[in-house]
Amino acid sequence: MSWVKTVPEADAKGLLKTIYDETAAKNGRVLNLVKVQSLRPDTMAIGRSLYRHLMDQPGGLTKLERVAIATVVSKINGCFY
C-alpha cells in the first residue's frame, strides 16, 4: 500500500463508494490504484471515463490489440496493473 493518505472502504460515501463498489465487483477487491486516488473521486471518475472511452470506443484497433498495448506499456513502466 502507498504512503499516500486514502479513504478506507468503510468510510467511502457518494461517488467514491460507487467507484469502490464497482471496482470490488469487477476485481473481487478495491485495488490500491483506486484507493490511492480516493481523496479526489471526481478527478478519478474523469480518468476512469477517459480510460473507458479509449479502450471501448470504435477505432482502428480491436479491444484485444488495445489491451495488449496497455499490457506492454505497463510492463515497460514497471506497473502491475
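**Salt bridges and the largest pocket**

Biologist: What relative accessibility does Arg52 have, and what does it count as?
Modeller: Arg52 has a relative accessibility of 42%, so it counts as partly exposed. Please keep in mind that this is a predicted model.

Biologist: OK, and which residue does Arg52 form a salt bridge with?
Modeller: Arg52 forms one with Glu22, and the closest N and O atoms of this pair are 3.8 Å apart. Because Glu22 lies in helix H1 and Arg52 in helix H3, the pair ties together parts that are 30 residues apart in sequence. Salt bridges with shared partners join Glu22, Arg52 and also Arg48 into one network.

Biologist: What is the N to O distance for Glu22 and Arg48, then?
Modeller: For the salt bridge between Glu22 and Arg48, the closest N and O atoms are 2.7 Å apart. That pair, too, links distant parts of the chain, with Glu22 in helix H1 and Arg48 in helix H3, 26 residues apart.

Biologist: And which of those two is buried, Glu22 or Arg48?
Modeller: Arg48 is at 19% relative accessibility, and since buried means under 20%, Arg48 counts as buried. Glu22, at 39%, counts as partly exposed.

Biologist: How many salt bridges are there in total?
Modeller: The count comes to five. Another of them pairs Lys35 with Glu9, where the closest N and O atoms are 3.2 Å apart. Here as well the pair links distant parts of the chain, with Lys35 in helix H2 and Glu9 in the segment before H1, 26 residues apart.

Biologist: Where do Lys35 and Glu9 stand, buried or exposed?
Modeller: Lys35 counts as buried at 18% relative accessibility, while Glu9, with a relative accessible area of 44%, is partly exposed.

Biologist: Switching topic, what is the volume of the largest pocket?
Modeller: The largest pocket has a volume of about 810 Å³. It is lined by 24 residues, and those closest to its centre are Lys26, Leu31, Leu33, Arg48 and Tyr51. Arg48 therefore appears in this group as well as in the salt bridge with Glu22, where it counts as buried.

Biologist: Which helix gives the most to that lining?
Modeller: Helix H3 gives the most, with seven residues. At least two lining residues each come from helix H1 (14-27), helix H2 (32-35), helix H3 (41-56) and helix H4 (63-76).

Biologist: And how many of the lining residues are nonpolar, polar and charged?
Modeller: The lining of the largest pocket divides into eleven nonpolar residues, seven polar ones and six charged ones.

How values were computed. Residues numbered from 1 in each chain as written. Predicted model: local features only at pLDDT ≥ 70, side-chain atom pairs only at ≥ 80, totals over all residues. Heavy atoms only, no water. 1 Å grid on protein atoms, 1.4 Å probe; cavity = no way out; pocket = protein on both sides within 12 Å on 5 of 7 lines; lining within 4 Å. Points joined across faces, edges and corners; volume = space filled by probe spheres on them. Helix = DSSP H or I, 4+ residues; strand = E, 2+ residues; numbered from the N terminus. Nonpolar A, V, L, I, M, F, W, Y, C, P; charged D, E, K, R; others polar. Salt bridge = Lys/Arg side-chain N within 4 Å of Asp/Glu carboxyl O. Buried < 20%, exposed > 50% of the residue type's maximum accessible area, 1.4 Å probe, protein only.
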